[in-house]
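Reader: Please walk me through this model. I want numbers with their cut-offs.

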Amino acid sequence: MVGVPDLVVEIISKSTVRKDKIVKFHRYERAGVKEYWIVDPMNETIDVYVLEEGRFRHQGMYVRDDTIPVRMFPGFVIELKNVFAEEE
């Protein structure tokens, strides 16, 4: 693979939370990833970070009833009720 991805979506677990929120966060920031999403399935939240002037800025924390706008695809949103759907 050549280049840097525009979007990274990381699904954390108890065993990877430190690595994902600290180590990978800074690695992706330095690499120039434009958007970094940290998905926490245990708490049903998604933290969205966007790269501005070489640093990640926290765009917001989204929960089950929210929709997330995908910045690189204007007009495209993800409804989290579909992401965190109840198991049947």
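Reader: How far apart are the mean positions of the positive and negative charges?

Author: The model is predicted: local features need pLDDT of at least 70, side-chain atom pairs need 80 or more, and totals use all residues. Numbering starts from 1 along each chain, and side-chain values use heavy atoms, without hydrogens or water. Lys and Arg count as positive, Asp and Glu as negative, with His and chain ends not counted; each charge sits at NZ of Lys, CZ of Arg, CG of Asp or CD of Glu. For the 13 positive and 16 negative charges, the mean positions are apart by 9 Å.

Reader: Which strand supplies the largest share of the largest nonpolar core?

Author: A nonpolar core joins buried Ala, Val, Leu, Ile, Met, Phe, Trp, Tyr and Cys through side-chain atoms within 4.5 Å. Buried means under 20% relative accessible area, with a 1.4 Å probe and protein chains only. The largest core has ten residues, including Trp37, Tyr62, Val70 and Phe84. Strands (DSSP E runs of at least two residues, numbered from the N terminus) S2 (35–40) and S3 (45–52) each give at least two, and the largest share, three residues, comes from S3.

Reader: What does Val70 touch beyond its neighbours within four places in sequence?

Author: Contact means heavy atoms within 4.5 Å. With those neighbours left aside, the partners of Val70 are Glu35, Trp37, Phe76 and Ile78.

Reader: What is the radius of gyration of the protein?

Author: The globule rule is 2.2 Å times the number of residues to the power 0.38, and the radius is taken over C-alpha atoms. For 88 residues the rule gives 12 Å; the protein is close to that, so it is as compact as a globular protein of that length, with a radius of gyration of 13 Å.

Terms used. Buried means under 20% relative accessible area, exposed over 50%, partly exposed in between (1.4 Å probe, protein chains only). Helices (H or I, at least four residues) and strands (E, at least two) are DSSP runs, numbered from the N terminus.
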